[in-house]
Amino acid sequence: MEILIFCGLQGSGKSSYYKTHFADTHLRVNLDMLRTRRREQAIFEACLRVGQRLVVDNTNVSREARALYLAAALKANFQVVAYVFDVPFDICAARNAARVGRARVSDAGLRSMAKQMRAPTFDEGFQRIITVDSTGEIATTLEAE
């Protein structure tokens with residue numbers, strides 16, 4: 001059983017990566033779709049109870065944001081893998097600018113997220129940290145010791 005926690009700015013390609021690589025094997029938990037933390041938490045907890053593989057497809061830019069998922073996942077004996085979308089800000093900004101409606105984040109919001117971005121670490125509880133580049137290719141894979 002595994003939980004993949006995506007970490008990256010809006011426009012970094014997280015949702016597209018999910019659709020290409022995990023849509024057939026992992027449930028997607030995403031605040032954009034579910035709209036509230038309460039709904040997200042209910043689905044997340046249900047996945048833990050039944051052993052459903054899932055992807056947490058949010059920005060998860062801080063240790064605190066990721067901690068919402070890690071402790072419960074590890075307690076439920078899930079392997080937790082971080083996928084870091086290492087995409088330059090200007091590429092994220094251009095992709096975001098092309099979005100319409102609610103999918104588009106304000107420029108100030110995107111800059112704010114960029115300032116908050118902290119890479120995940122093994123001491124948070126991740127067993128693997130995978131970095132995805134701006135082309136959607138895996139750049140590095142690191143394993144916990």
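Select Glu2, which sits in strand β1 (residues 2–7). The structure on screen is a predicted model. Is Glu2 buried or exposed? Glu2 counts as buried because its relative accessibility is 16%, and buried means under 20%. Now show what surrounds Glu2. Leaving out neighbours within four places in sequence, Glu2 is in contact with His26, Arg53, Leu54, Phe78, Gln79, Val81 and Arg128. Add Ala73 to the selection: Glu2 and Ala73 are 71 residues apart in sequence, while their C-alpha atoms are 8.4 Å apart in space.

Next, select Gln52, in the loop between α3 and β3 (54–57). Gln52 has a relative accessible area of 31%, so it is partly exposed. Which residues does Gln52 touch, not counting those up to four places away in sequence? They are Thr25, His26, Leu27, Cys47 and Phe78. His26 and Phe78 are also in the contact list of Glu2. Draw a distance from the C-alpha of Gln52 to that of Met1: the two atoms are separated by 6.9 Å, with their positions 51 residues apart along the chain.

Go to helix α3, and select Glu40 and Arg37. Their side chains meet in a salt bridge, at 2.8 Å from N to O. Glu40 and Arg37 are about one helical turn apart, because they are three residues apart in helix α3. Glu40 is buried at 2% relative accessibility, whereas Arg37 is partly exposed at 42%.

Stay in helix α3 (residues 37–50) and pick Arg38. Arg38 counts as exposed, with 66% relative accessibility. Turn on the surface and add Arg35, Arg39 and Arg102: together with Arg38, they form a positive surface patch.

Two asparagines in loops come next. Asn60 is in the loop between β3 and α4 (63–75), and Asn77 is in the loop between α4 and β4 (79–85). What is the sign of phi at Asn60? The phi of Asn60 is positive, about 45 degrees, although Asn60 is not a glycine. Asn77 is likewise a residue other than glycine with a positive phi, near 65 degrees. Asn60 counts as buried at 3% relative accessibility, and Asn77 counts as exposed at 63%.

A further asparagine, Asn96, is in helix α5 (residues 89–97). Asn96 is buried, with a relative accessibility of 0%. Apart from neighbours within four places in sequence, Asn96 is in contact with Ala103, Arg104, Val105, Asp107 and Leu110.

Finish with salt bridges. How many salt bridges are counted in the model? The count comes to six, and one of them is the Glu40 and Arg37 pair already visited. For another, select Glu124 and Arg66, whose closest N and O atoms are 2.8 Å apart. Glu124 lies in the loop between α6 (107–116) and β5 (128–132) and Arg66 lies in helix α4, so this pair ties together parts that are 58 residues apart in sequence. Glu124 is buried, with a relative accessible area of 11%, and Arg66 is buried at 1% relative accessibility.

The last stop is Glu143 and Arg128, a salt bridge with its closest N and O atoms 3.7 Å apart. This pair links distant parts of the chain: Glu143 is in strand β6 (residues 138–143) and Arg128 is in strand β5, 15 residues apart. Arg128 leads back to the start of the tour, since Glu2 is in contact with it.

Conventions:
Residues are numbered from 1 along each chain as its sequence is written. This is a predicted model: local features need pLDDT of at least 70, side-chain atom pairs count only at pLDDT 80 or more; totals for chains, interfaces and linings use all residues. Side-chain values use heavy atoms; hydrogens and water are left out. Patches are made of residues with over 30% relative accessible area and no salt bridge: like charges are joined within 9 Å, nonpolar side chains (Val, Leu, Ile, Met, Phe, Trp, Tyr) within 5 Å. Accessible areas come from the Shrake-Rupley method with a 1.4 Å probe; for residues, only the protein chains shown count as cover. A salt bridge is a side-chain nitrogen of Lys or Arg within 4 Å of a carboxyl oxygen of Asp or Glu. Lys and Arg count as positive and Asp and Glu as negative; His and the chain ends are not counted. The place of a charge is taken as NZ of Lys, CZ of Arg, CG of Asp or CD of Glu. Helices (H or I, at least four residues) and strands (E, at least two) are DSSP runs, numbered from the N terminus. Buried means under 20% relative accessible area, exposed over 50%, partly exposed in between (1.4 Å probe, protein chains only). Contact means heavy atoms within 4.5 Å.
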